[in-house]
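Welcome, and please get your viewer ready. We will make a few selections one after another, with a short look around at each stop.

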Amino acid sequence: MLSFHSKLPNVGTTIFTEMSALAAEHNAVNLGQGFPDFPMSEQLIDAVSRAMRSNCNQYAPMPGWMPLREALSEKINRLYGASINPDTEITVTPGGTYAIYTALTTILRPGDEVIVLEPAYDSYVPNIEVNGAKAVLVPLNTPDFSINWDAVRRGVTEKTRAIILNSPHNPTGSILTEQDISSLRSLVADHDMYIISDEVYEHLVFDGMLHHSMLRYPDLFQRSFVCFSFGKVYHCTGWKLGYCVAPEAFTREFRKVHQFNCFSCHTPSQVGITEFLRDEEAYLGLGTFLQKKRDHFIQLMHSTRFSLLSSQGSYFICAAYDRITDESDTAFARRLTREYGVATIPVSAFYQEGSRNRILRFCFAKKEETLEAAVERLSRL
Ligand code: PMP
Ligand code: GLN
């Protein structure tokens, strides 16, 4: 027998898989893993079906279907005022997670360090470690989960290669502010580093706030890999399609990694999405659509003993439960699923060393009746 020397000895099954399996086992309402339970657009399904029937079923070009990259470049120009070359600066990927992984693999060498703000989406640290690099963990401020830029600066060393930013933020729903952009500017002026910007929730921003994309700021974009997901925009997380926007020199290297990993992505989806991108309302209306769900959920949760924190974007809102129990968040999340039939995600799962802050994450990208059924159960606590 060959003995196996794990490259990721500390990694187990993700919390999303665990909680979705537990939800299925106990027939629980699943407000855990972040995916919508309402249907996606019929027009988009039709557009992809038409593409399949029109013989668009062979390999797409390695960087992505050119008309899709052109449509994305136009969209980026309208939304963020950036002039992005579709030929040399956009690469279509099988999802946002893959785009982030590929960006990290493109830049990292063993011994490099990357600043990761915690709580952090669960793929970042393993993506760094599998490349032989090290994550330098910097906690966000509580309770508002804003960035502590002094702490970020303390984490920077001569080995720092990059910082990962995620706005709107999973799991907390916090977003970058103009002040953050100035702090980031002064940080990267003092210490040369790449920015990996996870913007998969770019359209899910609430209360009239602005999404501070790295694409808005030419000086920041010139050091960035900006990662997106169609799954989050078009309510089709199972399609696993996204893209990475990066300056030409970065994109060239990114594609060297990409072309020998998956080479190219699902052709009919790219063709169908190209057509559907003409419908601006389908993405511009998303913030308002999800904000209504957030507000409905907040309203419903008044009947429980949870204390909701603020959420300015994403699919998620967090809640403290100190008025209910002093269990750890993982123990409480499991018990809630088993005994009360509601699945959530314990926020400590987004910290490498766990956390004691006893907060659960709820996904409100659900039908009204799903949210109501969940809260009816939570109000019995
Ligand atoms: N980043 C964040 C913060 C996410 O929540 C997700 C979840 N879907 C992703 C990246 C990955 O997106 P995709 O499913 O397109 O890989
Ligand atoms: N992004 C989703 C979440 O945070 C889940 C993605 C996954 O299951 N890996 O819930």
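How many Å separate an oxygen atom of ligand 2 from an N or O atom in the side chain of Q33? Select the pair and check: the distance is 2.7 Å. Keep in mind as you go that this is a predicted model.

**Stop 1: ligand 2**

Stay with ligand 2 and add R361 to the selection. A polar side-chain atom of R361 sits 2.7 Å from an oxygen atom of the ligand. Now pick Y121, where a polar side-chain atom lies 3.4 Å from a nitrogen atom of ligand 2. Switch on a surface if you like: on its own, ligand 2 has 300 Å² of accessible area, and the protein covers 79% of it.

Next, show everything around ligand 2: F16, Q33, G34, Y121, N170, Y201, K232, F316 and R361. By class, this shell holds four nonpolar, three polar and two charged residues. Try colouring by domain here. Domain 1 (15-40 + 284-378) and domain 2 (58-280) each supply at least three residues to the shell around ligand 2.

**Stop 2: ligand 1**

Move on to ligand 1 and select its surroundings, which are G95, G96, T97, Y121, N166, N170, D198, V200, Y201, S229, K232 and K240. You may recognise some names from the previous stop: Y121, N170, Y201 and K232 are listed around ligand 2 and also around ligand 1.

Which side chains should you zoom in on for polar contacts with an oxygen atom of ligand 1? Start with Y201, whose side chain has an N or O atom 2.6 Å from an oxygen atom of ligand 1. Then take N170, with a polar side-chain atom 2.7 Å from a ligand oxygen, and S229, where the distance is also 2.7 Å. Taken alone, ligand 1 exposes 380 Å², of which the protein buries 93%. The shell around ligand 1 is made up of three nonpolar, six polar and three charged residues.

**Stop 3: the largest nonpolar core**

Hide the ligands and select I163, Y234, V245, F306 and F362. Within the largest nonpolar core, which has 93 residues, these five touch the most other members. Now highlight helix α3 (residues 66-80), which gives the most to this core, with five residues.

Where does this core lie with respect to the two domains? Bring back the domain colours: the core lies between domain 1 (15-40 + 284-378) and domain 2 (58-280), because both give residues to it.

Note on methods. Residues are numbered from 1 along each chain as its sequence is written. Chains are lettered from A and ligands numbered from 1 in the order in which they are written. This is a predicted model: local features need pLDDT of at least 70, side-chain atom pairs count only at pLDDT 80 or more; totals for chains, interfaces and linings use all residues. Side-chain values use heavy atoms; hydrogens and water are left out. A residue is near a molecule or strand if one of its heavy atoms lies within 4 Å of it. A polar contact is a pair of N or O atoms within 3.5 Å; within protein, one must be able to donate a hydrogen and the other to accept it, and residues adjacent in sequence count only if both atoms are side-chain atoms. Accessible areas come from the Shrake-Rupley method with a 1.4 Å probe; for residues, only the protein chains shown count as cover. Ala, Val, Leu, Ile, Met, Phe, Trp, Tyr, Cys and Pro count as nonpolar, Asp, Glu, Lys and Arg as charged, and the others, Gly among them, as polar. Domain bounds come from an automatic or database domain assignment. A nonpolar core is a set of buried Ala, Val, Leu, Ile, Met, Phe, Trp, Tyr and Cys residues joined through side-chain atoms within 4.5 Å. Buried means under 20% relative accessible area, exposed over 50%, partly exposed in between (1.4 Å probe, protein chains only). Helices (H or I, at least four residues) and strands (E, at least two) are DSSP runs, numbered from the N terminus.
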